[in-house]
Amino acid sequence: MTARKKPPASAPSAPVRADLQAVWRVRQGALDGARPEATAKRHARGQMTARESLAAFLDSGSFVEYGRVSKPVREDMAGAADGVVMGHGLADGRPVAVMAYDYTVHAGTQSFTNHRKTDRIYALAEAQRWPMVSWLEGGGARPHDMIASTRGDTRTFVNFARLSGLVPTVGIVAGRCFAGNANLAGMCDILIATERAVIGMAGPALVQQALGYTPTPEEIGPVDVHVRAGAVDILCKDDAEAAGMARRVLGYFRGAAEPGRAPDVAKLRDIVPEDPMQAYNVRRVLDHLFDIGSVQELRPKFGGAALTAFARLEGIPVGVIASQPTFLGGAIDSPTSDKIARFIQLCDAHDIPVVILCDTPGLMVGPEVETTGLVRHSARILVALANATVPCLTVVMRKAYGLGYYVMGSKALDPALLVAWPTAEFGGMGLEGAARIIWKKDFEAIEDETAREAAIREKTAWLMEQNTALEVGGRFEYDDVIDPADTRDILTKTLRALPAPPPRAGRKRTVDAW
């Protein structure tokens, strides 16, 4: 005879009805304490359970669970909450919807019953405008349910797609994530993964069927592949760090916080070298411009010619797009174009102002880059920024050349503020190239090669003198030329002067999944 489980602390001391005891048994049976072997196995892998991950993310005691007593549709299968723990709670005192596939229950697979659960939570997130945070480890569709006598229609993927641009969606992958689970991961606004994550549109069984060999899960889509490819936005060490990161990231979508500690802004004066050919790491600019500890970079190993990040200026959240001179000299290639365009869409959809730090020689050039479709990829930046209604503030740190500058917050795009540092250079194209075109006939008339090259250098230097920060500012191509140490103060004052975005009943725009 099965021993009676201890009732919850809130249970009355008097004898209770059998039907209530049955409810207690099922509800308690879904908790980690009732499944010590599964929990121990999870811990042995250095991972949290689904419930532990939710507890690490949510404010203590705030979780309201939906569907705890749900079970597999097949009579010959069992599984706590049918492998999905979900509901709503508070994160930093603000409501949020949460959903976590439980890998200890049939490998976190998507069943008929738990599809109905995810249909429900995603529909609630849409209706109630709750941010949606999802733990997506799992093996895709549960094949056992294909022979169950019930309909298999699901709106999970449709409902989740309809959250795009309406509420922030954050996904976490802390282990193996295949097929339908991976499809959900690919739709998230921000995807966080741990070092042990594996992501693939099909698991080993389907790969074997399609390609005739059986790889290990880790051979299909290890996390470093997805970090380099740009599919993963943020890489974390483990489950606990990932839960904390989800909480941190969600904070950028929730408006101003208490002002953070100010950095040493005087150091901004010396980061850009006096030698215009010398590279520097733009991350140093971010370190000395934004609130200390507030910068969170996205897709750091993808699209290397620019950095995208969330940050705060005296507590005000902003999106940051910064040219990175250490990669292609900051010239914009196709991956960088995709990275920038998608980030603009994300910030615009959720009314997060954008700060652009520009130092680019333009779009990348040459036959090789044209094979990547740069003509289309680069156009995505301009389409995104020209149609965004979120405020844009541009700081030209050094090079502002050609179409690269045009799509990086130039005056043509009507930024709320356009300022330059003393190191700024301006040109419709690289100035040496411009000199060679403008005075082509004059140069061709010089027979001596040494003298010709000297003439080219002279004309290039003259053009540079006409296009320094002060000269361009004197023609009012910039709103002002400023001391770099004043950048933080000027940006913050401008942000505070801008009107609040108008309230919206629905979405402003969707966000490209890529």
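Ala, Val, Leu, Ile, Met, Phe, Trp, Tyr, Cys and Pro are counted here as nonpolar, Asp, Glu, Lys and Arg as charged, and the others, Gly among them, as polar. The model is predicted, so local features need pLDDT of at least 70 and side-chain atom pairs count only at pLDDT 80 or more, while totals for chains, interfaces and linings use all residues. Residues are numbered from 1 along each chain as its sequence is written, and side-chain values use heavy atoms, with hydrogens and water left out.

**View 1. The largest cavity and its lining.** Four cavities of 30 Å³ or more are present in the structure; a cavity is a set of points, on a 1 Å grid over the protein atoms alone, where a 1.4 Å probe fits but cannot get out. The largest encloses about 100 Å³, a volume being the space filled by probe spheres set on the points, which are joined across faces, edges and corners. Its lining comprises 15 residues, with Arg42, Ala50, Tyr101, Trp135 and Glu137 closest to the centre; lining residues have an atom within 4 Å of a point. At least two lining residues come from each of α3 (50–57) and β3 (94–101), helices (H or I, at least four residues) and strands (E, at least two) being DSSP runs numbered from the N terminus. Nine of the lining residues are nonpolar, two polar and four charged.

**View 2. The largest pocket and its lining.** A pocket is an open set of points with protein on both sides within 12 Å along at least five of seven lines. The largest pocket has a volume of about 910 Å³. Among its 31 lining residues, Phe253, Gly255, His350, Asp351 and Pro501 lie nearest the centre. Two or more lining residues are given by β3 and by β12 (316–323). The lining divides into 22 nonpolar, three polar and six charged residues.

**View 3. The crossing of α12 and α14.** The axes of α12 (residues 334–349) and α14 (residues 374–386) come within 8 Å and cross at roughly 20°; axes are lines fitted to C-alpha atoms over the stretch in contact, and angles run from 0 to 180 degrees between N-to-C directions. The two helices are therefore roughly parallel, a term for angles under 35 degrees. Contact, meaning heavy atoms within 4.5 Å, involves residues including Ile340 and Ile344 of α12 and Ile381 and Leu385 of α14. By class, this contact has seven nonpolar, five polar and two charged residues.

**View 4. The packing of α3 against α10.** Helices α3 and α10 (residues 239–251) pack at an angle of about 40°, with axes 8 Å apart. α3 is therefore oblique to α10. Ser53, Ala56 and Phe57 of α3 meet Asp239, Ala243, Ala246, Arg247 and Leu250 of α10.

Terms used: Parallel < 35°, antiparallel > 145°, perpendicular 65-115°, else oblique.
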